[in-house]
Amino acid sequence: MTTIIEYPTTSDDEESLEDEKTTSGSFRNGDFQGRLFKWTNYLHGWQERYLILKNGFLNYYKNEFDIGLGCRGALSVKQALIQSHEFDECRFDIRVGDSVWYIRAHSPEDRERWIQALEDHKQLCKSESGYGSETSLRRHPSLGSLASTASASATSTGSFKKDRYLKEKLSELETFRELLVQQVSTLQTYFDACANAVTTGFEPYQKEYENASELDFEESLDKNEPIKSSSIKPGIDRLALGDHAAMAVDFKGEALTFKATTDGVIHNLAFCIELMQKREDIWRKKHEKELERRKKFQELYSKISKQKIPIFGSPDAEEGPHSTLKEEEFFDALDQSLDRIDRESDNYQRMSKLSSKSKTSTNETVDQSKSSQKNSPTTVTNATVVSTPNEGNLIIQGKHRLATEVERIVQEHLQYVREDVSHGWDLIHQEGEMKVYRREVEENGIVVDPLKCFHTIKGVTGHEICRYFWEFQYRMDWETTLDLTKIIEVLDPDTVIFFQLHKRVWPAAQRDSCFWSHIRCMSNSEEDQPTWIVVNYTTPHPLAPIKSPLVRLVANVALICETIIKEPPLNPKDIKRENIECKLTYVALINPGGWVPIAAVRSVAKREYPRFVKRFTSYVVEQTRDKPILF
């Protein structure tokens with residue numbers, strides 16, 4: 001049995017008050033303990049925890065003040081496999097079966113102290129108990145244990161018949177035992193009588209012949225022989241011997257019966273012994289096979305442990321220069337995470353529709369004159385602004401600091417969108433009016449493929465599409481991949497700087513983006529419908545520094561929309577949504593950064609861009625269905 005080492009301990013509260021907060025592992029009150037970083041999950045990453053090595057178990061707590069509330073988890077050190085990480089000099093892993101703890105120390109020296117303490121404690125636990133080793137398994141098996149195990153687990157027809165025969169033979173042996181008890185008792189009585197006769201003579205009959213005068217025999221044994229005088233002591237005659245023999249048992253019959261019973265016992269015992277020997281051979285072979293299988297599994301487990309196969313959700317499997325996932329596995333994990341996000345978004349939209357039905361919608365009044373379309377500024381409330389220049393004044397006089405860059409990028413997109421897609425572009429998706437093209441481009445091993453999407457949406461104008469794409473208050477409704485979006489600076493009424501935090505798509509690292517967004521209306525003539533454009537371009541900002549472990553996404557995106565009126569009525573006020581449609585061109589040049597495999601980036605882009613365009617345009621159609629047309 002394992003002896004539990006008990007160390008003198010003090011109260012956890014007294015310990016936390018007396019000792020200063022220490023991070024390195026050390027012996028305190030007889031137990032090795034200290035602060036370490038433990039990998040929790042891919043959402044929260046590394047979290048500092050308090051670990052205690054005690055009585056064969058490694059327990060962890062949120063902090064040293066929660067020791068009295070009970071541990072949050074524990075691992076058996078005796079069966080643990082402790083491994084130092086190949087690249088991270090502060091990290092080590094503890095594996096027990098399918099459970100793995102990923103641990104990081106505060107320094108390489110602290111890691112070595114913890115590993116040494118764990119190995120010493122592991123050897124101490126093994127030396128205290130030999131139970132569970134392979135030698136103990138070979139030492140304990142016996143005929144009784146094998147027979148009892150066999151009778152308890154009859155799994156085939158043959159074993160069932162053997163069990164039945166054995167029970168029948170044991171029942172017969174019980175019957176024979178009862179017969180033998182009775183026969184031995186009878187024979188013992190006879191033997192006792194014989195022994196008494198030999199040692200003391202026929203004492204009962206001698207007393208009877210001594211009182212012969214009182215006996216009244218009608219005739220003597222020999223009628224011709226005269227009766228002797230009564231004074232002569234009579235002897236034992238044939239009549240007395242005959243009476244004695246009549247009182248004796250049938251010795252020959254009893255002997256034959258006894259012999260038959262013992263023969264039956266011997267036969268049954270021989271059968272049982274033979275059967276149990278066969279069982280013992282069978283179970284010994286099974287036991288040897290089980291030991292061999294166990295040995296193979298132990299070798300396989302050691303081999304797999306050395307290979308460091310990543311576990312879902314572990315830090316070894318996530319995006320990074322030393323990621324252990326293959327490209328196919330990486331994409332499969334991304335695909336599952338994106339499916340989960342889509343399901344959550346669908347549920348959120350259903351709940352939003354149910355809540356919106358209970359609220360009364362407010363009608364917006366829109367000035368449809370073309371002069372108001374060109375001059376009406378976009379209002380951004382103070383609640384949506386994190387930082388604004390000139391002490392919060394949203395109307396900025398003159399050119400802002402990024403005006404030149406904004407103009408240059410807008411003109412580049414207007415020229416880029418007119419380029420033909422017949423040379424160097426591949427059609428990767430087509431669905432109804434939607435067509436998506438891609439040109440494969442790599443920069444320093446990172447995929448920066450430009451994409452172009454052409455689509456026609458009925459019932460909406462270009463102004464409405466661009467307005468919902470640019471406005472801050474609508475972004476979280478149609479962009480399902482965001483955790484956070486906010487305006488950190490307003491440059492002018494048509495140009496703002498956004499900061500966005502994107503949802504984590506495991507095993508890829510979480511990403512953020514900081515970009516200016518500009519909306520503009522362009523018209524070639526007063527007779528034509530104006531063309532609207534929205535451009536998003538990555539820019540640095542002091543309020544949005546790059547923070548580890550986040551990866552900064554670099555984006556250069558343009559949405560260009562043109563309104564087309566089919567069969568226009570004589571009176572422009574009679575135009576209905578059935579008469580309008582919007583030709584949309586979406587251009588995206590995205591550098592995801594980080595270390596995502598090339599094949600995974602292209603597969604995700606091929607899947608997600610058409611979904612995004614379809615989801616966004618459907619959202620705009622639904623939102624503008626019962627509202628006045630915004631030209």
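Biologist: Let's start with Glu442. Which residue forms a salt bridge with Glu442?

Modeller: Keep in mind that this is a predicted model. In it, the closest N and O atoms of the pair are 3.5 Å apart, inside the 4 Å allowed for a salt bridge. The partner that Glu442 pairs with is Arg602.

Biologist: How many residues apart are Glu442 and Arg602?

Modeller: Glu442 sits in strand 11 (residues 442-443), while Arg602 belongs to helix 15. The pair therefore links distant parts of the chain, and the separation is 160 residues.

Biologist: Is Arg602 buried or exposed?

Modeller: Glu442 has 42% relative accessibility, so Glu442 counts as partly exposed. Arg602 has a relative accessible area of 15%, and the cut-off for the lower class is under 20%. That makes Arg602 buried.

Biologist: Which residues are joined with these two into one salt-bridge network?

Modeller: One more pair helps here: Glu440 and Arg438 form a salt bridge, with their closest N and O atoms 4.0 Å apart. In that pair, Glu440 is partly exposed at 47%, whereas Arg438 is buried at 10% relative accessibility. Through shared partners, Glu442 and Arg602 are joined into one network with Arg438, Glu440 and Asp449.

Biologist: Another charged pair, then. How many residues apart in sequence are the parts that Lys614 and Glu431 tie together?

Modeller: Lys614 forms a salt bridge with Glu431, with a closest N to O distance of 2.9 Å. Lys614 lies in helix 15 (residues 598-624) and Glu431 in strand 9 (residues 426-431), so the pair ties together parts whose separation in sequence is 183 residues.

Biologist: Are Lys614 and Glu431 buried, partly exposed or exposed?

Modeller: Lys614 has a relative accessibility of 43%. For Glu431 the value is 36%. Partly exposed runs between the 20% and 50% limits, so both residues count as partly exposed.

Biologist: And how many salt bridges does the structure hold?

Modeller: As a rule, side chains of opposite charge can pair when their charged atoms come close. Among the pairs here are Lys614 with Glu431 and Glu442 with Arg602. The count for the structure is 27.

Biologist: On to the nonpolar side. Which element gives the largest share of the largest nonpolar core?

Modeller: That core has 40 residues, and Ile465, Phe469, Leu559, Leu584, Tyr586 and Phe616 touch the most other members. The largest share of this core is 7 residues, and they come from helix 15.

Biologist: Which residues does Phe616 touch, leaving out those up to four places away in sequence?

Modeller: Phe616 is one of the residues that touch the most other members of the largest core. Its contacts include Ile465 and Phe469, which are on that list too. In full, Phe616 touches Ile465, Tyr468, Phe469, Trp478 and Leu559.

Biologist: How many residues are in the second core?

Modeller: In soluble globular proteins, nonpolar side chains tend to be buried together. The second core is separate, with Trp425, Cys514, Ile560 and Val587 among its members. Its size is 22 residues.

Biologist: What about a polar side chain: which residue makes a polar contact of 3.0 Å with the side chain of Gln500?

Modeller: Gln500 lies in strand 15 (residues 495-502), and at 5% relative accessibility Gln500 counts as buried. The residues that Gln500 touches include Leu482, Leu484, Asp512 and Phe515. The side-chain polar contact is with Arg475.

Biologist: Now strand 7. Why is strand 7 largely enclosed by the rest of the structure?

Modeller: On one side, 4 bridges join strand 6 (residues 81-84) to strand 7, running antiparallel, with Gln83 partnered by Asp93. Strand 8 (residues 99-104) is also antiparallel to strand 7 and is joined to strand 7 by 6 bridges. As for enclosure, strand 7 covers residues 91-96 and is largely enclosed because the buried ones number 5 of the 6.

Biologist: Which residue in the turn between strand 7 and strand 8 has a positive phi?

Modeller: Val96 stands opposite Ser99 in strand 8, and the hairpin leaves 2 residues between the two strands. In that turn, the residue with a positive phi, about 65°, is Gly97.

Biologist: Last one: what percentage of the chain's residues count as buried?

Modeller: The chain's secondary structure comes to 15 helices and 20 strands. Of its 631 residues, the buried part is 38%.

Conventions: Residues numbered from 1 in each chain as written. Predicted model: local features only at pLDDT ≥ 70, side-chain atom pairs only at ≥ 80, totals over all residues. Heavy atoms only, no water. Buried < 20%, exposed > 50% of the residue type's maximum accessible area, 1.4 Å probe, protein only. Pairing = 2+ DSSP bridges. Salt bridge = Lys/Arg side-chain N within 4 Å of Asp/Glu carboxyl O. Core = buried A, V, L, I, M, F, W, Y, C linked by side-chain atoms within 4.5 Å. Contact = heavy atoms within 4.5 Å. Polar contact = N/O pair within 3.5 Å; in protein donor to acceptor, adjacent residues only side chain to side chain.
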